[in-house]
Amino acid sequence: MSSLVTSLATLSKNGSTGIIEINNPPVNASSQKVRQGMMECLRLVAEDKAITSVVLTCAGRTFMAGADISEFDLPELPRPDYNEVHAVMEALGKPIVAALFGTVLGGGLELSLSCQARVALASTKLGLPEVKLGLLPGSGGTQRLPRLIGLAPAIDFMTAGNPVSAAQALKMGFIDKVVDDGLLEQATAMAQALAEKQAAGEPLRVTSKLPIDKASGTPAFFEEYRNKQAPLAKGGSAARQIVRCVEAACEQSFEDGIIFERTAFIDRKNSADSRALRHLFFAEREATRIPGLAAGMELRPIRKVGVVGAGTMGGGIAMNFLNAGIPVTIIDLNQEALQRGLGIVRKNYEASAAKGRLTADQVTQRLGLFHGALDMAELGDCDLVIEAAFESLEIKKSVCKQLGAVCKPGAIIASNTSTLDIDLLAEVSGRPADFLGMHFFSPANVMRLLEVVRGAKTDPQVLATVMAIAKKIGKSAVVSGVCFGFIGNRMLEGYLREAELLLLEGASPAQIDGAIEAIGMAMGPHRMIDMAGVDVAAKVVIEQDKAGALPNDPSYRVVVRKLNELGRHGQKTSAGYYRYQGRTAIEDDAVWKVCEELAQKYGVKRRDNISDKEIVERCLYPLINEGARILEEGIAYRPGDVDVVWAQGYGFPAYKGGPMQWADEIGPAVICAALEGYGRQFGNAHGYWTPSPLLAKLATQHRHFSDLP
Ligand code: 3H9
């Protein structure tokens, strides 16, 4: 075997087969240097007459996971272009076989489509996830894939963006063989067999030269596909452009189709929604890094987890660990509640099995790791215990105190509180260094967000261990400091306050929700509260009131408290801000009347000229302003952390990147001016409209949140 190293790509020889290996850790993303290396290797292969076939593979844990996304922020894609590399591969005149493993994604999969054949390890995941970054496969994917597997399967695959298994890819027809081991040997054998066939006169199969199914590609076919995608204004642009590119593949030559695809790709790459989605991709990963924490710190082992409270939240939390193969003991104080909790988890798993998402064996295995008990002492061998008891300070204090006594030395104790003071609970436990908050979002087995609340005395090793375990259970974890509501719920306050004031001033719940949903929020504020429970939302306000923590504003959040008093607890009582027929929300005159009466009582002038623009600005600009305060106070480390919280936990549209990224697109100066304008219009006795010093500073300096160090 001879070997030649060119930047990040290596060419070696195994007999007559050239092995090109890319080595760009951690995921072999195709950067400019990788492409340069590939070009150099291909040049050497072309020159070496002794090489009659090629295997293309990667070093490390995965074949290429795509183009290097960080290059998309450059004004121009640096050369050599992906398509130049692919064109050289297809024109090489020697068979190339891609040896695939790990996560073969985006530009990585597209690269393999330019090979004569593809062989994959059975564990490989393959996908074109560009749409999830507001992009489209931009290095020939939209032109080659339909030629390989047909128009409809290619469009479905690219517009969904979800990876498939090697077995599925084989069935779909874009890989040629699946192997359990010996990947390189099998790929080499395949490459040599293709070379022999070529020597015997069989022409090489070149994907771009394959015919495309023009007959199926009627205007009506593409129209139907376009209409299936989300609207342009709701992040559907990328999927629609994918359909358009496949249409172009049917209408034009391959060469022109590639130009069409590239133009569409550049257009997408420069769009605000793709910028926002790329921002979130990196923000989610950045959020896991804790400033000041030594890299490679030794973590505490988490082999067994305890959960206190077998309610919906406790059960959901337990499922996360069971899914990751970690045994869980769940505690409840009474037998009935415990059995109910265990039963709900069992039912959830059985429902997943019925939908084909889990096998019967997987259900048995997960339930086999799950044990219920009535006595806290059973938690003595757990490495991490999360209390998910009822959200009451007295109850949580009592649970945390008991946990401090029963947990073994070195065990981590976490509270799942959404509002209570973590430092207080930490002190009560008597083990403040082992203590932190793990704020899961409901349903806890589904929602990806986890706010990890670092207390004043939390040991850095405890924080690092919990961040690592969060990744293991598939959560998107963000660190928050201690304050009322942490990052997410604290920012909700100004948002809900304005939504209610707008109700008093004469907007209807449906108008407010409609305006908020039109900018892409998954749910408007009233639909959200009706789902979560008006009683739950009212309780937060009532508790704050008791603690003297509300603004000195008699009209503050009076609607939620009144609806709670009236027993309108939301969807669960078929009445809240709306009335409900099943899950369908219907506007209710009774709520209008409640708002009229409250407006009169609190001297709020009603008007009929509230615009959607005013609703959006009044609800969301205070939320951004609070985000800025959270950054100023060091509650969140970075603007991207705030964005991850809102995109993952509160239905903020990912294609707007989260509130801080959206603020950057609008401009801090514009937001600042709007806040001040509302302050002049409504008065600013309670400081609702005062821009935070950070927002004001960015506005005066014409800077953005993304400019913060
Ligand atoms: C594309 O291909 C466009 C083409 O069609 C057209 C071109 C013209 N680029 O997630 P992890 C980094 S678009 C740059 O923690 P995991 C990541 O930031 C692309 N960096 O690991 C992280 O860095 P750090 C289509 C990337 O094991 C580190 O790698 N492809 C890229 O949990 C580890 O990542 C995709 O959308 C990249 N493409 O998951 C795939 N990918 O350590 C995106 C990763 O500094 N990637 N990094 O924080 C993924 O889905 C996951 O990263 C993957 C690994 C499943 C691969």
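Two strands count as paired when DSSP finds at least two bridges between them. By that rule, β3 (residues 17-22) and β4 pair in the parallel sense, over six bridges. The model is predicted.

**Strands β3 and β4**

One facing pair across these strands is Ile 19 with Val 55 of β4. How many residues of β4 are buried? Six of its six residues are. Cover comes on both faces. Ser 53, Val 55 and Thr 57 are buried on one side. Val 54, Leu 56 and Cys 58 are buried on the other.

**Glu 71 in the loop after β4**

The loop between β4 (53-58) and α2 (82-91) holds Glu 71. Is Glu 71 buried or exposed? Its relative accessibility is 8%, so Glu 71 counts as buried, the cut-off being under 20%. Its side chain makes a polar contact with the side chain of Arg 35, at 3.1 Å. Setting aside neighbours within four places in sequence, Glu 71 is in contact with Ser 30, Ser 31, Gln 32 and Arg 35, and also with Leu 77, Pro 78 and Tyr 82.

**The eight-stranded sheet**

Eight strands form an open sheet with mixed pairing. Their order is β13-β12-β11-β14-β15-β16-β17-β18. Which strands stand at the edges? They are β13 (370-373) and β18 (476-480). Each has a single partner strand, so one side of each is left without a neighbour in the sheet. From one strand to the next, the twist averages 25°.

Within this sheet, β15 and β16 run parallel and are joined by three bridges. Ala 414 has Leu 436 in β16 as its bridge partner. Helix α13 (residues 335-354) lies across β12 (328-331) and β13. The helix runs at about 165° to β13.

**Two helices with a buried face**

Helices α15 and α27 can be set side by side.

| Helix | Residues | Length | Expected span | End C-alpha distance |
|---|---|---|---|---|
| α15 | 393-406 | 14 residues | 20 Å | 20 Å |
| α27 | 668-682 | 15 residues | 21 Å | 21 Å |

For α15, the distance between the end C-alpha atoms agrees with the span expected at 1.5 Å a residue. The end-to-end distance of α27 likewise agrees with its expected span.

An α-helix has 3.6 residues a turn, so residues three or four places apart point the same way.

In α15, the buried residues are Lys 396, Val 399, Cys 400, Leu 403 and Gly 404. Seen down the axis of α15, they fall within an arc of 140°, so they line one face of the helix. On the other side, Glu 394, Lys 401 and Ala 405 are exposed. What do the buried residues of α15 pack against? Four strands of the sheet are among the order given above, and the partners are β11 (305-308), β14 (384-387), β15 (412-415) and β16 (435-440), together with helix α16 (422-429).

In α27, the buried residues are Pro 668, Ile 671, Cys 672, Ala 674, Leu 675, Tyr 678 and Gly 679. Their arc, seen down the axis of α27, is within 160°, so these residues also line one face. Their cover includes α24 (612-632), α26 (659-666) and α28 (693-700). Just after α27, Gly 683 takes a positive phi of about 85°.

Conventions
Residues numbered from 1 in each chain as written. Predicted model: local features only at pLDDT ≥ 70, side-chain atom pairs only at ≥ 80, totals over all residues. Heavy atoms only, no water. Helix = DSSP H or I, 4+ residues; strand = E, 2+ residues; numbered from the N terminus. Buried < 20%, exposed > 50% of the residue type's maximum accessible area, 1.4 Å probe, protein only. Polar contact = N/O pair within 3.5 Å; in protein donor to acceptor, adjacent residues only side chain to side chain. Contact = heavy atoms within 4.5 Å. Expected span 1.5 Å × (residues − 1). Arc of directions from axis to C-beta. Axes fitted to C-alpha atoms, helices over the stretch in contact; angles between N-to-C directions.
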